[in-house]
Amino acid sequence: MTQKIKRYLIIGAHPDDADIRFGGSAIKLARAGHVVKFVSMCNGDCGHFSMSRDALRDRRYLETQKSKEVSGIAEYQVFTDIHDCELEPSVEIRKKVIALIRNFNPDVVLSHRLCDYHADHRATAQLVQDAAYLTQVPLFCPEAPVPAVNPVFGCVFDSFTDPRPFRHDAAMCCDDVMDEKCRMLDCHVSQVYEWLSYEISGNIIEHEKLSWEEKKAYLLENWGTRYINAANEARETLIATYGEAGKSVRYAETFELSPYGRQVSVEEFRELMRP
């Protein structure tokens, strides 16, 4: 029996958000023959402490394309005309998101939750939530054809607890692709070794002097905790998905089913989120 090719659209606010939250899953899905597209709603031109905004925009776009090649996903689109820290859930941008979803015709759309520390993340979440219904309204943005079936919408993992903690409706084991996921993160030099390190400690990481094993150790130490926490919090979901093997999963990416868009059962959502 031929496996159905599924289409996944991951809409992040910035040029590394999709990698951080869905990189391992993207690798596994792409390897299984499914089509994965990453989107950055902003151009990334504020994520640094010393570069000019134009130079940073260009640099971060190139980083996304390197990550695309490493991961094997179909496309990594960046809205290069939307500045960091300036994204708003306006009607103009809503139309861009509607056209994006309709033209890609995904089975699943994932993005941020509305509760988040970053204004761009919250704006992206609002835009995607608004699109969950409006993709099916044919007189809105009539230039983009309405899909025959509305996508299933969901959210990628976060650790925020106000107004409520993340619900781990589906989970993907990433133990077997953590090397490749780290190589995706390694593409975003301006962020993982420069801006985010500087933001936390006031220092940058001289990554050029590190071997791959040293870089991987740094990435796992500084980024791996979020995937360990996700796995621990989603243990019941991992067991329901993988059986006994779910008990020993160390790294996971997890997803929450949205009440907007096409409605499916949790079991159907879990099946959608498997290679």
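A: In this predicted model, a residue is called buried when its relative accessible area is under 20%.

Q: What makes helix α5 mostly covered?
A: Of the 10 residues of α5, 7 are buried, and these are Met178, Lys181, Cys182, Met184, Leu185, Asp186 and Cys187. The cover over these buried residues includes helices α1, α2, α6 (189-201) and α7 (212-233), together with strands β2 and β7 (252-261).

Q: Why are α1 and α5 called oblique to each other?
A: Helix α1 (residues 17-31) and helix α5 (residues 178-187) pack at an angle of about 125°, with their axes 9 Å apart. Angles under 35 degrees count as roughly parallel, those over 145 as roughly antiparallel and those from 65 to 115 as roughly perpendicular, while the rest count as oblique; the value for α1 and α5 falls in none of the three named ranges, and the two helices are therefore oblique to each other. Their crossing is right-handed.

Q: Which residues make the contact between α1 and α5?
A: On the side of α1 the contact is made by Asp19, Ile20, Arg21, Phe22, Gly23, Gly24, Ile27 and Arg31, and on the side of α5 by Glu180, Lys181, Met184 and Leu185. Sorted by class, this contact has 5 nonpolar, 2 polar and 5 charged residues.

Q: Why is Arg59 called partly exposed?
A: Arg59, which is found in helix α2 (residues 53-71), has a relative accessible area of 23%. Because buried means under 20% and exposed means over 50%, with partly exposed in between, the value for Arg59 places this residue in the partly exposed class.

Q: What is Arg59 in contact with, leaving aside its neighbours within four places in sequence?
A: Arg59 is in contact with His48, Met51, Val189, Ser190 and Glu194. In the case of Val189, the two residues are 130 residues apart along the chain, and their C-alpha atoms are separated by 9.4 Å.

Q: What makes β3 and β6 the edge strands?
A: The open sheet is formed by 7 strands in the order β3-β2-β1-β4-β5-β7-β6, with mixed pairing. Strands β3 (75-78) and β6 (170-173) each pair on one side only, and are the edge strands. From one strand to the next, the twist averages 25°.

Q: How do you know that β2 and β3 pair, and in which sense?
A: Two strands pair if at least two bridges are found between them, and strand β2 (residues 35-40) pairs with β3 over 4 bridges, in the parallel sense, so the condition is met. Within this pair of strands, Ser40 stands opposite Val78 in β3.

How values were computed. Residues numbered from 1 in each chain as written. Predicted model: local features only at pLDDT ≥ 70, side-chain atom pairs only at ≥ 80, totals over all residues. Heavy atoms only, no water. Axes fitted to C-alpha atoms, helices over the stretch in contact; angles between N-to-C directions. Buried < 20%, exposed > 50% of the residue type's maximum accessible area, 1.4 Å probe, protein only. Contact = heavy atoms within 4.5 Å. Left-handed = near helix turned anticlockwise from the far one by under 90°. Nonpolar A, V, L, I, M, F, W, Y, C, P; charged D, E, K, R; others polar.
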